[in-house]
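Here are some notes for a colleague opening this structure for the first time. They take up one loop residue and then one helix.

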Amino acid sequence: ILSLVGLATVALFLGLLSIVGFVIFYFVNIGSIRHFLSLPMKKTKSNQLKYDKTDLYRKIDDTVHSLSRSKTGALMTFERSTNLDEYMKNGTIINAPVSQELLETIFYEGTRLHDGAVIIRGNIIVAASVYYTPSTRAVNGKFGSRHRAAFGISEVTDSVTVVVSEETGRVSIAYNGSLEVVPLDTFLSEFSDLMSIDDKKRAQEEQNKETKKKRRFFHHNED
């Protein structure tokens, strides 16, 4: 009987010790745990989200025009097939629908989040005040920290990044390790084209498959 009581006491003690250990671990790591839980699932990709792309692109176009007119510096990165969760860790999680008002508020110089980039997944602003490793590549022309950050993220992901200069209001787009100045009157079409590259590739692949099927069908009938 005494041995059974002793085993029960040991089991109770170990159970309490485990609970105390878990509580200590939770409070020590509470910041990391909250951040982890707030991140979107890594399996979620922009091209898997259903939303009105035409409406999104028009909102971005209106926002870029407004930011350019007011010479408000901005850096907006649009996730494509490369997951950007890793880059959000140094930023602030937002998880709010894209709107011109919210983007202009974020980049307003008086707000805490105006420095750094916003990351947009589908039609959701997932994070703000995100900092990228700037490119160290030698480039022609005068480029500030935002432009070098845009260069940097475009060199390591397939994302599309829009930059608005706070000095001139000039708009640029970084993609695939290059950065091009884009006139406001053609921004919407050029931005839409870059964001739709995967769709065009898939459409071309489907068209090629159909062409091959037709060729096989005709060859079979000729035989």
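1. In this predicted model, Ser-159 is in contact with Thr-77, Phe-78, Arg-80, Leu-84, Ile-153, Ala-174 and Tyr-175, once its neighbours within four places in sequence are left aside. Ser-159 itself belongs to the loop between α6 (145-156) and β5.

2. Is Ser-159 buried or exposed? Its relative accessible area is 1%, and because buried means under 20%, Ser-159 counts as buried. The side chain of Ser-159 also makes a polar contact of 2.7 Å with the side chain of Thr-157.

3. Turning to helix α3 (residues 53-69), one finds 17 residues that reach 24 Å from the first C-alpha to the last, close to the 24 Å expected at 1.5 Å a residue. At the N-terminal end, α3 is capped by Asp-52, which has a side-chain oxygen 3.1 Å from the backbone nitrogen of Thr-54, while Lys-71, which follows the helix, has a positive phi near 55°.

4. The buried residues of α3 include Leu-56, Tyr-57, Ile-60, Val-64 and Leu-67, and among the elements that cover the buried residues of this helix are β1 (74-78), α5, β3 (117-121) and α7 (184-195).

5. The axes of α3 and α5 (residues 100-107) come within 9 Å and cross at roughly 35°, and the crossing is right-handed. Ile-60, Asp-62, Thr-63, Ser-66 and Leu-67 of α3 meet Gln-100, Leu-103, Glu-104 and Phe-107 of α5, and the residues of this contact divide into four nonpolar, three polar and two charged.

Definitions and conventions:
Residues numbered from 1 in each chain as written. Predicted model: local features only at pLDDT ≥ 70, side-chain atom pairs only at ≥ 80, totals over all residues. Heavy atoms only, no water. Axes fitted to C-alpha atoms, helices over the stretch in contact; angles between N-to-C directions. Helix = DSSP H or I, 4+ residues; strand = E, 2+ residues; numbered from the N terminus. Left-handed = near helix turned anticlockwise from the far one by under 90°. Contact = heavy atoms within 4.5 Å. Nonpolar A, V, L, I, M, F, W, Y, C, P; charged D, E, K, R; others polar. Expected span 1.5 Å × (residues − 1). Buried < 20%, exposed > 50% of the residue type's maximum accessible area, 1.4 Å probe, protein only. Polar contact = N/O pair within 3.5 Å; in protein donor to acceptor, adjacent residues only side chain to side chain.
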